[in-house]
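Work through the following exercises with the structure open beside you, and try each task before you read its solution.

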Amino acid sequence: WYRLPRIFHWLAEHRWHWIGAAERRLDVVMPGIEFLWCPLLAWQPSGRTIFIPNFLAFLLLPGTAFSFFRCIGVRARTAWWWMWLLPAGAVYVFQAGSSTNDAISAPLVLMSFTLALRAGRTGSAAAAGWATLAIALATNQKQPIAALGLPWLLSLWPFVRRFLPRFWQEAPVRTFAGVSGVLLGGLLVSMVPISILNQVKVGNWMGFPPAEQWFVPKHLGVSVVVAPIMLAVANLLPPVMPDAAR
């Protein structure tokens with residue numbers, strides 16, 4: 001009730017704009033998936049095609065998972081089995097043909113870590129650049145993905161420590177231009193622009209004032225204790241559970 005209406009507002013104005021509706025989520029949530037839906041809805045207004053980004057992301061998941069497993073040292077035979085088991089998870093299968101904005105994040109995150117690790121091993125500046133753009137674009141799908149920024153930086157750190165100084169010594173101007181371009185592009189496709197607008201328009205970077213953040217724990221200790229329990233319960237529940245109501 002807010003993602004599709006906001007797209008129709010933008011299409012009606014022929015541009016992105018701050019809508020200012022009573023339903024605040026028309027403005028404040030990350031617009032990454034909507035920017036992929038806009039051309040589809042402009043071409044086919046019925047909305048029957050908006051599953052395509054999720055479906056394409058689902059098709060990318062096996063190969064991306066295999067590359068990631070190999071980069072972290074998993075043997076090829078084991079990685080081959082797990083690259084099929086991972087996409088077979090109910091959450092990925094059910095969202096592959098849906099209009100949610102969660103499924104597309106999985107391959108983006110896996111790509112960002114895979115390319116960051118590959119850049120640290122091979123010294124590929126291209127891999128480091130694409131890794132940066134991938135993690136930046138992933139944060140524009142869901143705000144909580146920003147929490148993966150720290151482990152991602154640790155994955156990229158070998159490249160920064162080993163190869164970036166050498167590139168700087170050999171070609172400082174080219175290195176500066178490349179790094180600046182990648183960082184600027186990453187900022188533009190990340191959650192940063194909408195977060196700034198939220199701060200300006202609403203007074204809070206998340207888009208919801210503290211009084212309305214009913215979904216945010218009041219104390220950090222609660223998050224530290226409860227989050228692992230919720231993750232464990234969610235991951236241990238089978239896809240079909242007849243006793244779920246009880």
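Two residues are in contact when heavy atoms of theirs lie within 4.5 Å. Keep in mind throughout that this is a predicted model.

**Exercise 1.** Find the helix that holds Leu156, decide whether Leu156 is buried or exposed, and list its contacts beyond neighbours within four places in sequence.

Solution. Begin with the place of Leu156, which is in helix H9, running over residues 149–162. Next, take its relative accessible area of 9% and set it against the cut-off of under 20%, so Leu156 counts as buried. Finally, leaving aside neighbours within four places in sequence, Leu156 is in contact with Ala116, Ala119, Ala128 and Thr132. As a further step, compare Leu156 with Gly178: the two are 22 residues apart in sequence, and their C-alpha atoms are 16 Å apart in space.

**Exercise 2.** Describe the aromatic pair formed by Phe68 and Phe69.

Solution. A pair of aromatic rings is described by the distance of the centres and the angle of the planes. The structure has 8 aromatic pairs by the rule used here. In the pair of Phe68 and Phe69, the centres are 6.0 Å apart and the planes make an angle of 55 degrees, and the pair is tilted. Phe68 is buried at 17% relative accessible area, and Phe69 is buried at 16%. Elsewhere, ring pairs link Trp80, Trp81 and Trp84 into a cluster.

**Exercise 3.** Decide whether Val224 is buried or exposed, and name the surface patch that includes Val224.

Solution. Val224 lies in helix H13, residues 220–236. Its relative accessibility is 54%, and because the cut-off for exposed is over 50%, Val224 counts as exposed. Val224 helps to make a nonpolar surface patch of about 920 Å², whose members include Leu220, Ile229 and Met241.

Note on methods: Residues are numbered from 1 along each chain as its sequence is written. This is a predicted model: local features need pLDDT of at least 70, side-chain atom pairs count only at pLDDT 80 or more; totals for chains, interfaces and linings use all residues. Side-chain values use heavy atoms; hydrogens and water are left out. Patches are made of residues with over 30% relative accessible area and no salt bridge: like charges are joined within 9 Å, nonpolar side chains (Val, Leu, Ile, Met, Phe, Trp, Tyr) within 5 Å. Accessible areas come from the Shrake-Rupley method with a 1.4 Å probe; for residues, only the protein chains shown count as cover. A salt bridge is a side-chain nitrogen of Lys or Arg within 4 Å of a carboxyl oxygen of Asp or Glu. Helices (H or I, at least four residues) and strands (E, at least two) are DSSP runs, numbered from the N terminus. Buried means under 20% relative accessible area, exposed over 50%, partly exposed in between (1.4 Å probe, protein chains only). Rings of Phe, Tyr and Trp (its six-membered ring) pair if their centres lie within 6.5 Å; planes under 30 degrees apart count as stacked, over 60 as edge-to-face and the rest as tilted.
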